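Dear colleague,

I am handing over the structure below, and my notes on it follow. Please read them with the model open beside you.

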Amino acid sequence: VQPNNYSTFYDDQRQNWSIMFESEKAAIDFSKQVCIAKCNSSPALDSVLYQDLLPGEGQGAEAGDSLEIAYTGWLFQNNGLGQVFDSNVNKDKLLRLKLGSGKVIKGWEEGMMGMKKGGRRYLIIPPAWAYGAQGVAGRVPPDSTLVFEVEVRRVKLVKECSALDGQSVSSRDSPAPSPVPNSDGFSAD
């Protein structure tokens, strides 16, 4: 995904292609479909698939950095998007998380790495990287593949915090990992 509604990709012969779309929405919709096609064409999904929808600006997030995120999560059903099982898009609170803290599912930890402020990404997360065989009662059936669209609204880099106040950042988050990504138990650093 590139600025001004461009997307670039390599084909099977490693030839580089560039496509310009008429609108940002068309470019984003195409990128989502590419990610779903990658998932459907892989023999076994054993890691997180992700597709950038908007690149964002600034430095990419790494382990230890804090993010504030708007997201929507769907069940992956019948080779495409199923029902929404969780979202904070129309809520007042953003999800706050510190990458690498183990407070969210492993697929989020992996899939959010490198994201930048203002960036949007599409994640397809296999069951082993999500809620596995147990699922989440009443929301996520056992062994479900999940799809998330995530947008980073704010990034607080550990390096910036350390440089500004001369001390390392400590987490005041609750010690137990949350089974479902939500804003409960998170506090501002």
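Two strands are taken to pair if DSSP finds at least two bridges between them. Strand 7 (residues 120–125) meets that condition with strand 8, since the two pair in the antiparallel sense over six bridges, and within this pairing Ile 124 stands opposite Val 147 in strand 8. Please bear in mind throughout that this is a predicted model.

Strand 8 (residues 146–156) is also joined to strand 4 (residues 66–77), with which it runs antiparallel, by ten bridges, and there Ala 70 stands opposite Glu 151. In the protein chain as a whole there are three helices and eight strands, which follow one another from the N terminus as β-β-α-β-β-β-β-α-β-β-α. Of the 189 residues, 42% are buried, and of the contacts between residues at least 6 apart in sequence, 63% join residues at least 24 apart.

The largest nonpolar core has 26 residues, and those with the most contacts inside it are Trp 108, Met 112, Ile 125, Leu 146, Phe 148 and Val 150. Two or more residues of this core come from each of strand 4, strand 6 (95–98), helix 2 (106–112), strand 7 and strand 8. Apart from it lies another core, of twelve residues, which includes Cys 39, Leu 49, Leu 54 and Tyr 122. If neighbours within four places in sequence are left aside, the contacts of Met 112 include Leu 67, Ile 69, Leu 123, Val 150 and, as a charged partner, Arg 121.

That arginine leads on to the salt bridges, of which the count comes to eight. The side chains of Arg 121 and Asp 52 meet in one of them, at 2.7 Å from N to O, and this pair links distant parts of the chain, Asp 52 being in strand 3 (residues 49–54) and Arg 121 in strand 7, 69 residues apart. Arg 121 counts as buried because its relative accessibility is 5%, under the 20% limit, whereas Asp 52, at 28%, is partly exposed.

Glu 68 forms a salt bridge with Arg 96, with the closest N and O atoms 3.2 Å apart, and so strand 4 is linked to strand 6 across 28 residues. Here Glu 68 is the buried partner, at 15% relative accessible area, and Arg 96 the partly exposed one, at 31%.

Finally, Lys 32, Arg 120 and Glu 149 are linked in a network of salt bridges.

With best regards

How values were computed. Residues numbered from 1 in each chain as written. Predicted model: local features only at pLDDT ≥ 70, side-chain atom pairs only at ≥ 80, totals over all residues. Heavy atoms only, no water. Helix = DSSP H or I, 4+ residues; strand = E, 2+ residues; numbered from the N terminus. Buried < 20%, exposed > 50% of the residue type's maximum accessible area, 1.4 Å probe, protein only. Contact = heavy atoms within 4.5 Å. Core = buried A, V, L, I, M, F, W, Y, C linked by side-chain atoms within 4.5 Å. Salt bridge = Lys/Arg side-chain N within 4 Å of Asp/Glu carboxyl O.
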